[in-house]
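Trainee: I've got a new model open and I'd like to learn how to read it. Can we go through it together, one feature at a time?

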Amino acid sequence: MEEKPSAEWSSGLLDCFEDTSTCCYGFWCCPCLACTVSGRFGECTCLPLCDIFSPAIMAACGIPLFVPPAVLSVRAAIRNRYGIKGSICKDIAVSCFCLWCSWCQMHRELKHRKNTPTVINVQSQTIVNMQPAPVMMAPGYPPQAGFMNQGVMASY
């Protein structure tokens with residue numbers, strides 16, 4: 001099985017000045033940016049709300065939760081889909097310590113992938129639909145199975 005060629009992220013984790021609209025959007029409304037990234041990637045737009053509510057719920061149950069689950073899962077899925085270099089350990093570190101920078105980087109990546117043309121090779125196939133040749137029946141022979149002998153009776 002062939003492996004996908006490993007690529008780099010289209011922008012660095014802290015490259016906010018490459019696309020200021022993304023980082024301004026993320027700065028003023030971080031949950032909105034996260035929900036937008038999740039939706040553009042094809043996941044539920046409410047998925048990032050897990051990052052907001054799960055630590056509080058888990059802490060109330062006495063279970064400390066340090067890794068935000070949504071940012072980690074979406075980041076790992078984007079890396080996997082596009083063949084981007086990295087590891088789950090790096091994804092965990094980025095998700096824990098640079099949460100909003102990670103969402104901004106993923107937003108820039110999806111914008112970059114959307115603008116990159118996709119080449120699709122289409123091959124046409126010729127389909128031949130062959131019908132059986134008509135069967136001529138000669139008088140005096142018994143009809144073939146499945147056919148009724150439709151003759152005309154004449155009275156003389």
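Trainee: Let's start with a single residue: where is Gly42 found?

Mentor: Keep in mind that this is a predicted model. To place a residue, look for the elements on either side. Gly42 sits in the loop that links helix 2 (30-41) and helix 3 (49-60).

Trainee: Is Gly42 buried or exposed?

Mentor: For that you check relative accessibility, and over 50% is called exposed. Gly42 has 59%, so it counts as exposed. Also, its C-alpha atom is 10.0 Å from that of Val74, although the two are 32 residues apart along the chain.

Trainee: Okay, zooming out: how many helices and strands does the protein have?

Mentor: There are 6 helices and 0 strands. Reading from the N terminus, the order is α-α-α-α-α-α. Of the 156 residues in the protein, 26% are buried.

Trainee: How do I read one helix, say helix 5? Which of its residues are buried?

Mentor: List the buried ones, then see where they point. In helix 5 (residues 88-97) they are Asp91, Val94 and Ser95. They span an arc of only 100° around the axis, so they lie on the same side of helix 5. Cys89, Lys90 and Phe97, on the other side of helix 5, are exposed.

Trainee: And how do helix 4 and helix 5 pack?

Mentor: For a pair of helices, you look at the angle and the distance between axes. Helix 4 (residues 69-82) packs with helix 5 at about 140°, and the axes are 9 Å apart. That angle makes helix 4 oblique to helix 5. The crossing of helix 4 past helix 5 is right-handed.

Trainee: Which residues make the contact?

Mentor: Helix 4 brings Val71, Leu72, Arg75, Ala76 and Arg79, while helix 5 brings Ile88, Asp91, Ile92, Val94 and Ser95. Sorted by class, the contact has 6 nonpolar, 1 polar and 3 charged residues. Notice that Asp91, Val94 and Ser95 are also the buried residues of helix 5.

Trainee: One last thing: which residues is Trp100 in contact with, leaving aside its neighbours within four places in sequence?

Mentor: Those are Cys30, Pro31 and Ala34. Trp100 itself is in helix 6 (residues 99-115), and it is partly exposed, with a relative accessible area of 33%. Trp100 and Cys30 are 70 residues apart in sequence, yet 6.8 Å apart in space, C-alpha to C-alpha. For the whole protein, among contacts between residues at least 6 apart in sequence, 67% join residues at least 24 apart.

Definitions and conventions:
Residues are numbered from 1 along each chain as its sequence is written. This is a predicted model: local features need pLDDT of at least 70, side-chain atom pairs count only at pLDDT 80 or more; totals for chains, interfaces and linings use all residues. Side-chain values use heavy atoms; hydrogens and water are left out. Buried means under 20% relative accessible area, exposed over 50%, partly exposed in between (1.4 Å probe, protein chains only). Helices (H or I, at least four residues) and strands (E, at least two) are DSSP runs, numbered from the N terminus. The arc is that of the directions from the helix axis to the C-beta atoms. Axes are lines fitted to C-alpha atoms, for helices over the stretch in contact, and angles run from 0 to 180 degrees between N-to-C directions. Angles under 35 degrees count as roughly parallel, over 145 as roughly antiparallel, 65 to 115 as roughly perpendicular and the rest as oblique. A crossing is left-handed if the near helix is turned anticlockwise from the far one by less than a right angle, and right-handed if clockwise. Contact means heavy atoms within 4.5 Å. Ala, Val, Leu, Ile, Met, Phe, Trp, Tyr, Cys and Pro count as nonpolar, Asp, Glu, Lys and Arg as charged, and the others, Gly among them, as polar.
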